[in-house]
Amino acid sequence: LKGVGETEKNYAYLIGELAENSYFKESGLSRSDFCRAILLGETNYSQVIRYQKKYGMKDMPAFVMVITATKMISEVVNVLKNYSEDRTDFVVKIDETQLAFVKFIDEESNEYQSSTEYAEFLRQSIYEETGVSARICVGGTVKSLIDLSTSYEQAMTAVRMSSAIHSRGEVHSFKEYILIRMLEDMPKFKLNEY
């Protein structure tokens, strides 16, 4: 492309989109790999839309829970799969001790008052069915599948902060740590001033 006008900018954007989309087509990601890519923020809007169409998913509000269990992780995955509704909710293995569970919220069903209440129910169910004492950190509720990476980042922040300050309890929400997070983001000179 020659020049720097609006037309060239549009062509450059189009070429970039085509190259990225062809990569995802050729890579043949499985459903679980694509779910992981969505959580990690490795997908763009058009890829998420394609994923939704391919798997027949509705675009509903959702939140992410990061579940830490030091043993019997495969049994915990099985319990979580039992609680996923209509194959919409999904589980992603992060590493040997952590899982991410995405829970979509059906606005017609008011079974649980909050995501933290649901996480407590889930933690109790995991313990009753497997004997594993799991710790669950909850991210904020997002409006769309494309925003799941934000909820995942919030849940991981709750994991990090609850460990750093040795918080009591087994269920933690990102909301508990917003003030600490704000202080972390504040410039050092401003903190020293205060």
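Let's start with the aromatic rings: this predicted model holds three aromatic pairs. In one of them, the ring centres of Phe 63 and Tyr 118 lie 6.5 Å apart with their planes at 75°, and because planes over 60 degrees apart count as edge-to-face, the pair takes that label. Phe 63 belongs to strand β1 and Tyr 118 to helix α5 (residues 115–130), so this pair ties together parts that are 55 residues apart in sequence. Both rings are out of sight: Phe 63 is buried with a relative accessible area of 5%, and Tyr 118 counts as buried at 4% relative accessibility. Another of the pairs brings together Phe 90 and Phe 104, whose ring centres are 6.3 Å apart and whose planes meet at 50°, so the pair is tilted. It links distant parts of the chain, with Phe 90 in strand β2 (residues 90–93) and Phe 104 in strand β3, 14 residues apart. Here too the rings are covered, since Phe 90 is buried at a relative accessible area of 4% and Phe 104 is buried at 5%. If you look again at Phe 63 and Tyr 118, you will find Phe 121 with them, and these residues form one aromatic cluster.

Phe 63 leads us to its strand. How many residues of strand β1 (residues 62–68) are buried? Seven of the seven are, so the strand is largely enclosed by the rest of the structure. In a regular strand, side chains alternate between the two faces of the sheet. You can follow that here: Ala 62, Val 64, Val 66 and Thr 68 point one way from β1, Phe 63, Met 65 and Ile 67 point the other way, and all are buried. Strand β1 also has partners to look for. Seven bridges join β1 to strand β3 (residues 98–104) in an antiparallel arrangement, and within that pairing Val 66 stands opposite Ala 100. Four bridges join β1 to strand β4 (residues 135–138), again antiparallel, with Thr 68 opposite Arg 135.

Beyond β1, the chain enters a loop that leads to α4 (73–82), and Met 72 is found there. Its phi is near 50°, a positive value in a residue other than glycine. Met 72 is partly exposed, with a relative accessible area of 36%. Earlier in the chain, helix α2 (residues 31–39) has Arg 31, Phe 34, Cys 35, Ala 37, Ile 38 and Leu 39 as its buried residues. Just after α2, Gly 41 takes a positive phi of about 75°.

Now for the charged side chains. Side chains of opposite charge can pair when their charged atoms come close. The count in this model comes to five salt bridges. One of them joins Asp 89 and Lys 103, at 3.0 Å from N to O. Asp 89 sits in the loop between α4 and β2 while Lys 103 is in strand β3, so the pair ties together parts that are 14 residues apart in sequence. Are these partners buried or exposed? Asp 89 is buried, and so is Lys 103.

Another salt bridge is formed by Arg 160 and Glu 184, at 2.9 Å from N to O. Arg 160 lies in helix α6 (residues 148–164) and Glu 184 in helix α7, so parts 24 residues apart in sequence are tied together. Arg 160 is partly exposed at 41% relative accessible area, and Glu 184 is partly exposed at 40%. Then there is the salt bridge between Glu 193 and Lys 190, at 3.5 Å from N to O. These residues are three apart in helix α8 (residues 188–193), so about one helical turn separates them. Glu 193 is exposed, with a relative accessible area of 53%, whereas Lys 190 is partly exposed at 27%.

Helix α7 brings us to the surface. Ile 178, Leu 179, Met 182, Leu 183 and Leu 191 form a nonpolar patch there, with about 450 Å² of accessible area together. Helix α7 (residues 178–185) gives the most to this patch, with four residues. One residue to pick out is Met 182, which lies in α7 and is exposed, with a relative accessible area of 52%.

Finally, step back to the whole chain. It has eight helices and five strands, which follow the pattern α-α-α-β-α-β-β-α-β-α-β-α-α along the sequence. Of its 194 residues, 41% count as buried. The chain exposes about 11900 Å², and carbon and sulfur atoms supply 52% of that. Among contacts between residues at least 6 apart in sequence, 65% join residues at least 24 apart.

Note on methods
Residues numbered from 1 in each chain as written. Predicted model: local features only at pLDDT ≥ 70, side-chain atom pairs only at ≥ 80, totals over all residues. Heavy atoms only, no water. Patch = residues over 30% accessible without salt bridge, like charges linked within 9 Å, V, L, I, M, F, W, Y side chains within 5 Å. Areas by Shrake-Rupley, 256 points an atom, 1.4 Å probe, with all protein chains shown as cover. Salt bridge = Lys/Arg side-chain N within 4 Å of Asp/Glu carboxyl O. Helix = DSSP H or I, 4+ residues; strand = E, 2+ residues; numbered from the N terminus. Buried < 20%, exposed > 50% of the residue type's maximum accessible area, 1.4 Å probe, protein only. Contact = heavy atoms within 4.5 Å. Pairing = 2+ DSSP bridges. Phe/Tyr/Trp six-rings, centres within 6.5 Å; stacked < 30°, edge-to-face > 60°.
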